[in-house]
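Subject: Structure handover

Hi,

Here is the structure for you to look at. Please open it alongside this email.

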Amino acid sequence: MATAGQVIRCKAAVAWEFNQPLVIEEVEVAPPQEKEIRIKIVATGVCQSDLYFLSKCSNQTAFPVVFGHEAAGVVESIGPGVTEFQPGDTVIPLFMPQCRECRLCKSPKTNLCVNGCPLVSLFERSRISCRGRKLLQFLGTSSFSEFTVVKEMSVAKIDPAAPLDRVCLIGCAICTGYGAAVNTAKVEAGSSCAVFGLGAVGLAAVMGCKAAGASRIIAIDINPDKFEKAKVLGATDVVNPNDHSRPIQQLLQEMTGGGVDFSFECIGNVEVMRSALESCAPGWGVSVIAGWTDMENFSAPPIHLMTGRKWTGTLFGGFKGKDGVAQMVKAYLDRKLMVDEFITHNLRLEQINEAVELMKNSRWYDPNSCSD
C-alpha cells in the first residue's frame, strides 16, 4: 500500500488517566519493525476487560494507553521477516499469541505461549505516539485506534468473506465463553449446565453448552432483560437470584436433584465463583472460572473438592490463538456458530465513551461493535 514504510496519522481513543473518559486524539503510528504487522482496524468490540483496567483496577493499569483487544481489520504493511502475512490480508489481532514454536504452543494441553502470555505483559510500549509521548499497548493489540502495530505471532489470518464488523467478537468474548464449555469443561451430551452471568462471555458459554449437547442449560443473571437472548442461544431455564430467598447454589441443587454437571462463572466475582462450584454435583461436577479479576482471592472448603468436584479456569476458552480464531470464523461462515446475535449497538470510534457508559450502566450485555 502507498503508506507502507511511512508514519500514519490517524485517530485513536487514548486513556490518559484512570477512570477518566477516553480522548479522541490524532496519533502517529510508526511502521512495523522486525516480525511486526501494521493493521487497519475496521471494527472493534468493547469488552469488560477494557473497562476493568480503565476504571476498576488502578494498581495494575499504566497510562497513557490505548485499550481495545477484540477487533478485526486488514493488513496495511508488514515488517522485515514476516512470512505468514501480506498487505491486504483480513485478520484478527490476538491477545493470546501463538508462535507455534515454543513447547507450550506444541503441546495440545494448553493454549498458552511462552513468548507472549497476557498475564506477564498487560501493558507494553507500542508503535503509537501522541503529543510527543509513546503510548502503551494493551494486551499486545490496542484496537481503539484506526491503525495498530502487532507482533506476527499475535495475528490470525481469516477468510476474506467474513464480515469484520461481526467476527471481531470472535477475538475475545465468543471464543472465551464457547471454549470454556467445549474445550475446558468438555461438556457432555445429555448433561446439565449452569452459566453465571449473561454478558457476552456467559452467552457464548450458553451457546457452547448447547453445541456440546447439554440437555439442560440454566442461565443465571440479576438482569432479566438478558434472558430472552440467552434462550435464543440455547438456555432451557433462566434464573434471577434476586427472586429467591435462599442461596442460588441451593436452588440449583434442588432444581437438578443434587447439582449440575458443569457450571461456569462468567462475571469475575469471587463470591459467585464459590457459588458456581457449590452448584455442581459432588462426585463429578466441574466448575470453570471464565470471568476475569485479580483484585481478590477466592476460597472454598476443601471438602468440596475432596468429594470429587473439580475447579478450574480458562483463558480464551482454551483456544490456541491463530488456529482457534480461524476455526471459529469458519464455523460462523458455515452457519454453525451464532455471532450476529451478540451485536447490540454499532457506534463510531468518536462515540467510544458512549459505548463505555452503556457497558458501565448495564444497559447492554454484549460487546459493542464500534466501526471506524
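Below is what was found, from the whole chain down to single residues.

Please keep in mind that this is a predicted model.

**Overall**

The protein has 10 helices and 18 strands. Its radius of gyration is 20 Å, close to the 21 Å that the globule rule gives for 372 residues, so the protein is as compact as a globular protein of that length. Along the principal axes, the C-alpha atoms fill a box of roughly 65 × 40 × 35 Å. Of the 372 residues, 58% are buried. Take the contacts between residues at least 6 apart in sequence: 70% of them join residues at least 24 apart. The exposed surface is about 15,400 Å², and carbon and sulfur atoms supply 49% of it.

**Glu 265: a buried charge**

Start with Glu 265, in strand β14 (residues 262-265). Glu 265 is buried but has no salt bridge. The nearest side chain of opposite charge is Lys 56, 11 Å away. A salt bridge needs a nitrogen and an oxygen within 4 Å. What does the Glu 265 side chain reach at 3.3 Å? It reaches the backbone nitrogen of Ile 267. Beyond four places in sequence, Glu 265 touches Phe 196, Val 272, Met 273, Ala 276, Val 288, Ile 289, Ala 290 and Gly 291.

**Helix α7**

Three of those names come up again here: Val 272, Met 273 and Ala 276 are among the buried residues of α7. The helix spans residues 270-278 and is mostly covered, with 7 of its 9 residues buried. The others on the buried list are Val 270, Ser 275, Leu 277 and Glu 278. The cover includes β14, along with β11 (192-196), α6 (248-256), β15 (286-289), α8 (303-306) and β16 (310-313). At the start of α7, a side-chain oxygen of Asn 269 comes within 2.9 Å of the backbone nitrogen of Glu 271.

**Val 14 and its surroundings**

Val 14 sits in strand β1 (residues 8-14). Its relative accessible area is 0%, so Val 14 is buried. Leaving aside neighbours within four places in sequence, Val 14 is in contact with Leu 22, Val 23, Glu 25, Val 27, Pro 64, Val 65, Val 66 and Leu 135. Two of these contacts, Pro 64 and Glu 25, return below. Val 14 and Lys 322 are 308 residues apart along the chain, and their C-alpha atoms are separated by 27 Å.

Pro 64 is worth a look. A cis peptide bond joins Phe 63 to Pro 64, with omega about -5°. Pro 64 is in the loop between α1 (48-55) and β4 (65-66).

**Salt bridges**

Side chains of opposite charge can pair when their charged atoms come close. The count here is 19 salt bridges.

- Glu 25 and Arg 131 meet at 2.3 Å, N to O. Glu 25 lies in strand β2 (residues 23-29) and Arg 131 in the loop between β7 (123-130) and β8 (133-138), so the pair ties together parts that are 106 residues apart in sequence. Glu 25 counts as buried, at 12% relative accessibility. Arg 131 is exposed, at 61%.
- Asp 237 and Arg 216 meet at 3.1 Å, N to O. Asp 237 is in strand β13 (residues 237-239) and Arg 216 in strand β12 (residues 216-220), so this pair ties together parts 21 residues apart in sequence. Arg 216 is partly exposed, at 25% relative accessibility.
- Glu 84, Arg 100, Lys 322 and Asp 323 are joined into one network by salt bridges that share partners.
- Arg 166 pairs with Asp 165, the closest N and O atoms being 3.3 Å apart. Arg 166 is partly exposed, with a relative accessible area of 21%. Asp 165 is also partly exposed, at 28%.

**Positive phi**

Which residues other than glycine have phi near 55°? Arg 131 is one of them. Ser 142 is another. Arg 131 is in the loop between β7 and β8, and Ser 142 is in the loop between β8 and β9 (147-151). Exposed or buried? Arg 131 is exposed at 61% relative accessibility, whereas Ser 142 is buried at 0%.

Best wishes

How values were computed
Residues are numbered from 1 along each chain as its sequence is written. This is a predicted model: local features need pLDDT of at least 70, side-chain atom pairs count only at pLDDT 80 or more; totals for chains, interfaces and linings use all residues. Side-chain values use heavy atoms; hydrogens and water are left out. Helices (H or I, at least four residues) and strands (E, at least two) are DSSP runs, numbered from the N terminus. Buried means under 20% relative accessible area, exposed over 50%, partly exposed in between (1.4 Å probe, protein chains only). Lys and Arg count as positive and Asp and Glu as negative; His and the chain ends are not counted. A polar contact is a pair of N or O atoms within 3.5 Å; within protein, one must be able to donate a hydrogen and the other to accept it, and residues adjacent in sequence count only if both atoms are side-chain atoms. Contact means heavy atoms within 4.5 Å. The radius of gyration is taken over C-alpha atoms; the globule rule is 2.2 Å times the number of residues to the power 0.38. Accessible areas come from the Shrake-Rupley method with a 1.4 Å probe; for residues, only the protein chains shown count as cover.
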